[in-house]
Amino acid sequence: MTFKIKDMKNRISKYVLLLAIACGLLASCVDRKARNNDFDAPNIPPLPVGTLYSVRNLLDIFSENGNRPVKITDTASVCAIVTADETSGNLYKAAFISDGTASIELYMESTSGLRIGDSIRVYLNGATVSEYSGTPQIQDLDPNNITILKNGCEVNVTELSISDMNEFDNHICELVKFDEVEFVEADLNKPYADSAGYGSRIINDCEGTSQVTVRTSNYASFAKQTIPSGNGSITGILTKYKSGSNVTWQLVLRSPSEVVFDNARCFGTGDGTEENPYDVRALQSHQGEKGKWAYGYIVGSSKSRNIQSAEDIVWTAPFAEEVNLLNVIIADDPDEKNIERCAIVYLPSNNNIREAVNLHDHPENLGKKLNVLGNLLIRYNMEGTQADYDGQFHLGE
């Protein structure tokens, strides 16, 4: 079929005119509705309630079925509060909920608008109660089957000890908080997640015997942030990854702001090289090693050859006693007064360190940073270093 140019122009003009009229009417309608705040309510039928289960009921049903998936085919619901959502990107098409009886993960067919603190009712018909490698889930869940009842509800946090792993199964999928933990030294200076996948960063306690993996998606908004190097508290969702007989307990972070590592590390930092010397905490953990670099801030000098308490340390000038020529006390904090967090540096007379560093002749050295090469040993009942390598030290400001 062919058209004359004139006819085509006429037709285009007519279409443009009709389109302009239609858009004008639509705009007029939208403007009037918006101005009067008179939108029509959507005609969405309410979701039925049916049998009201608790989260514990659902977990029991799954357990009674031999831990095999259970598809819900009747009219049923569960009510709970959202404890973790997709906002940070660390979860995708998923959320965690808790109702006071237990906690569980919602794994949905698409993303949802759920937010932490939402009180919700989940219509269960068509969903499946199952688990993923040991972590219980409600799977095959249409997010349109979730009704938000209320916003801003309180979310409870359970404080656990990382060493109480025998209790972890009772708190799976729960929001938990661990105190006095830190990332292992091998993970320091790493981001939360690797660029090509998930990040698995290990935290342990000051005993070093219990570990939990902090699992972070590379899609998380904080994936590229460097993990903190101190010691403190961390809050997240406790999950399990089971492969055969091996079980790895994992923590899913909601936000990096819930990693509060403001305290000194239990095991310290450094590898004993001049470029990366041990701090005092690490020095105390590597006794017996020889030819290692360590550093700390000079906080005092001993007045006794048998240090039993803080009273055996001179913390402030004057440093008049002759024993103050023989050593200085160092710590990770220039204001430290707890001898359990200090180390002693012996100042031998066969090199120039005694002349340059001792507080008897140089009280101005108090508070300065000292890097020193030596052997790590016990002296005067305190961990420390014997600086027996001529000239191998650095005294900072």
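Analyst: Rings of Phe, Tyr and Trp pair if their centres lie within 6.5 Å. Keep that cut-off in mind for the rings of this predicted model.

User: How many aromatic pairs does a search of the whole structure find?

Analyst: A pair of aromatic rings is described by the distance of the centres and the angle of the planes. Here the search gives five aromatic pairs. One of them joins Phe168 and Phe178, with 5.8 Å from centre to centre and 45° between the planes, a tilted arrangement. Phe168 sits in the loop between β10 (158-160) and β11 (175-183), while Phe178 belongs to strand β11, so this pair ties together parts that are 10 residues apart in sequence. Both Phe168 and Phe178 are buried.

User: Are the planes in the pair of Phe183 and Phe261 parallel or tilted?

Analyst: The planes of Phe183 and Phe261 stand at 55° and the ring centres are 5.6 Å apart, so this pair is tilted. Phe183 is in strand β11 and Phe261 in strand β16 (residues 259-263), so the two rings tie together parts that are 78 residues apart in sequence. Phe183 and Phe261 are buried.

User: Which residues form one aromatic cluster?

Analyst: The cluster consists of Phe183, Tyr192, Phe222 and Phe261. Two of its members, Phe183 and Phe261, were described just above as a tilted pair.

User: Which residue lies over the face of Tyr295?

Analyst: That residue is Lys369, placed 4.7 Å from the ring centre of Tyr295.

User: Next, the charged pairs. How many salt bridges does the structure hold?

Analyst: Side chains of opposite charge can pair when their charged atoms come close. In this structure there are five salt bridges. One of them links Asp169 with Lys240, where the closest N and O atoms are 2.8 Å apart. Asp169 is in the loop between β10 and β11, and Lys240 is in strand β14 (residues 231-243), so the bridge ties together parts that are 71 residues apart in sequence.

User: Is Asp169 buried or partly exposed?

Analyst: Residues under 20% relative accessible area count as buried. Asp169 has a relative accessible area of 46% and is therefore partly exposed. Lys240, at 13%, is buried.

User: Which residue forms a salt bridge with Glu182?

Analyst: Arg265 does, with the closest N and O atoms 3.5 Å apart. Arg265 lies in the loop between β16 and α3 (280-285) and Glu182 in strand β11, so the two tie together parts that are 83 residues apart in sequence. Arg265 has a relative accessible area of 6% and is therefore buried. Glu182, at 1%, is buried too.

User: What does the side chain of Glu182 reach at 2.6 Å?

Analyst: At that distance the side chain of Glu182 reaches the backbone nitrogen of Cys266. The side chains of Glu182 and Arg265 are also joined by a polar contact of 3.5 Å. Apart from residues up to four places away in sequence, Glu182 touches several others, among them Ile202, Asn204, Gly230, Phe261 and Phe267. From C-alpha to C-alpha, Glu182 and Asn263 are 9.5 Å apart in space, with their positions 81 residues apart in sequence.

User: What do the side chains of Asp187 and Lys190 meet in?

Analyst: They meet in a salt bridge of 3.2 Å, N to O. Asp187 has a relative accessibility of 5% and therefore counts as buried. Lys190 has 31% and therefore counts as partly exposed.

User: Now a residue outside these pairs. Where is Cys342 found?

Analyst: Cys342 is in strand β20 (residues 342-346). Its relative accessibility is 1%, so Cys342 counts as buried. Setting aside neighbours within four places in sequence, Cys342 has contacts that include Val280, Val299, Trp315, Ile330, Met382 and Glu383. Cys342 and Glu383 are 41 residues apart in sequence, and their C-alpha atoms are 8.0 Å apart in space.

User: Which residues is Thr213 in contact with, leaving aside neighbours within four places in sequence?

Analyst: They are Ser200, Arg201, Ile202, Thr248, Trp249, Gln250 and Leu251. Thr213 itself is in strand β13 (residues 211-216). With a relative accessible area of 9%, Thr213 is buried.

Technical notes. Residues are numbered from 1 along each chain as its sequence is written. This is a predicted model: local features need pLDDT of at least 70, side-chain atom pairs count only at pLDDT 80 or more; totals for chains, interfaces and linings use all residues. Side-chain values use heavy atoms; hydrogens and water are left out. Rings of Phe, Tyr and Trp (its six-membered ring) pair if their centres lie within 6.5 Å; planes under 30 degrees apart count as stacked, over 60 as edge-to-face and the rest as tilted. Helices (H or I, at least four residues) and strands (E, at least two) are DSSP runs, numbered from the N terminus. Buried means under 20% relative accessible area, exposed over 50%, partly exposed in between (1.4 Å probe, protein chains only). A charge sits over a ring if NZ of Lys or CZ of Arg is within 6 Å of the ring centre and within 35 degrees of the ring normal. Contact means heavy atoms within 4.5 Å. A polar contact is a pair of N or O atoms within 3.5 Å; within protein, one must be able to donate a hydrogen and the other to accept it, and residues adjacent in sequence count only if both atoms are side-chain atoms. A salt bridge is a side-chain nitrogen of Lys or Arg within 4 Å of a carboxyl oxygen of Asp or Glu.
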